[in-house]
Amino acid sequence: MGRFDILLPAALSGLAASTSFAADKPATPITAQQAIDLQDKLLHALYGTDVNAISALLSEDVTFTHPSGIALDKKGEMNLMSTGPLPRYGKLEQSNIKARIFPGAAVLTGDVTFTALPKEGAPLPTPNTYRMATAWADEEGVWRMVSWQLVAIAKPRAGGPPRPGAAPGAAAPPAALTPGQ
């Protein structure tokens with residue numbers, strides 16, 4: 001029996017035991033548009049740095065994974081959002097959003113662009129666009145975000161689209177070698 005064979009049943013039993021996915025409580029239905037609207041609501045709260053609205057939309061078990069690779073729980077992310085100059089953003093928008101709906105869960109993918117507020121005497125801030133993946137779950141009839149992940153968008157390489165899994169700026173792999181080389 002492989003490691004996956006052991007981990008998968010444990011993960012599924014944990015999911016089935018969670019309140020959102022319990023067999024005795026059916027999930028509150030959500031449409032793709034409602035899931036996108038929920039995410040718009042969260043981004044609007046982020047734009048205005050409305051920490052109470054943000055907190056209400058997040059599960060206690062949420063994980064935020066930043067482009068740097070750092071992962072924070074709700075307490076860590078709320079601390080991060082509450083410190084420093086507020087509000088932070090001059091512009092915040094999502095695009096190319098696709099929603100996939102499952103019983104008790106919604107997964108959204110697309111792009112999000114953050115532009116900081118201009119600072120006096122400094123050049124205008126550069127917009128930063130990331131690929132975003134979020135997951136929302138029905139928690140006893142209330143839809144909350146359970147996962148947020150941002151990744152840098154790979155720069156196009158000469159001659160075609162970026163290779164899957166290639167780091168931005170990474171060198172192309174060497175040509176295939178034949179025996180004896």
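**Figure 1. An aromatic cluster in the predicted model is formed by Tyr 89, Phe 114 and Tyr 130.** The structure shown is a predicted model. Tyr 89, Phe 114 and Tyr 130 belong to one aromatic cluster. In the whole structure, the search for aromatic pairs returns three of them. A pair of aromatic rings is described by the distance of the centres and the angle of the planes.

**Figure 2. Phe 64 and Trp 148 form a tilted aromatic pair.** The ring centres of Phe 64 and Trp 148 are 5.7 Å apart, with 40° between the planes. Phe 64 belongs to strand β1 and Trp 148 to strand β6, so that the pair links distant parts of the chain, 84 residues apart. Phe 64 and Trp 148 are both buried.

**Figure 3. Six strands are arranged in an open sheet.** The strand order is β2-β1-β6-β5-β4-β3, and the pairing is mixed. The edges are occupied by β2 (71-72) and β3 (89-102); each has a single partner strand, so one side of each is left without a neighbour in the sheet. Strand β3 pairs with β4 (residues 105-116) in the antiparallel sense, over 11 bridges. Within this pairing, Arg 100 has Val 107 in β4 as its bridge partner. Helix α2 (residues 32-48) packs on the sheet, where α2 touches β1 (58-65), β3, β4, β5 (128-139) and β6 (142-152). The direction of α2 makes about 155° with that of β3. Helix α4 (residues 74-82) also packs on the sheet, touching β1 and β2. The direction of α4 makes about 70° with that of β1.

**Figure 4. Strand β1 is paired with β6 and with β2.** The pairing of β1 with β6 is parallel and comprises four bridges. Strands β1 and β2 run antiparallel and are joined by two bridges. Thr 65 takes part in both pairings: its bridge partner in β6 is Gln 149, and its bridge partner in β2 is Ala 71. Strands β1 and β2 form a hairpin with five residues between them. In the turn, Gly 69 has a positive phi of about 100°.

**Figure 5. The largest nonpolar core comprises 27 residues.** The residues with the most contacts inside this core are Leu 42, Ile 54, Leu 58, Trp 136 and Trp 148. At least two core residues are supplied by each of α2, α3 (51-57), β1, α4, β3, β4, β5 and β6. Helix α2 gives the most, with seven residues. Leu 58 can serve as a centre for this view: apart from residues up to four places away in sequence, Leu 58 touches Leu 42, Phe 64, Lys 74, Met 78, Arg 144 and Met 145.

**Figure 6. Ile 97 of strand β3 has contacts with residues including Ile 36 and Gln 39.** The C-alpha atoms of Ile 97 and Gln 39 are separated by 9.9 Å, although these residues are 58 residues apart along the chain. When neighbours within four places in sequence are set aside, Ile 97 is in contact with Ile 36, Gln 39, Leu 108, Thr 109, Gly 110, Asp 111 and Met 132.

**Figure 7. The side chains of Thr 113 and Thr 129 make a polar contact.** The distance of this polar contact is 2.7 Å. Thr 113 is found in strand β4. Its relative accessibility is 13%, and Thr 113 therefore counts as buried. Neighbours within four places in sequence left aside, Thr 113 is in contact with Lys 91, Leu 92, Glu 93, Pro 127, Asn 128 and Thr 129.

**Figure 8. Thr 49 and Asn 96 have positive phi values without being glycine.** Thr 49 has a phi of about 50° and is located in the loop between α2 and α3. Phi of Asn 96 is near 55°, and Asn 96 lies in strand β3. With a relative accessible area of 17%, Thr 49 is buried, whereas Asn 96 is exposed, with a relative accessible area of 56%.

Terms used: Residues numbered from 1 in each chain as written. Predicted model: local features only at pLDDT ≥ 70, side-chain atom pairs only at ≥ 80, totals over all residues. Heavy atoms only, no water. Pairing = 2+ DSSP bridges. Contact = heavy atoms within 4.5 Å. Axes fitted to C-alpha atoms, helices over the stretch in contact; angles between N-to-C directions. Core = buried A, V, L, I, M, F, W, Y, C linked by side-chain atoms within 4.5 Å. Buried < 20%, exposed > 50% of the residue type's maximum accessible area, 1.4 Å probe, protein only. Phe/Tyr/Trp six-rings, centres within 6.5 Å; stacked < 30°, edge-to-face > 60°. Polar contact = N/O pair within 3.5 Å; in protein donor to acceptor, adjacent residues only side chain to side chain.
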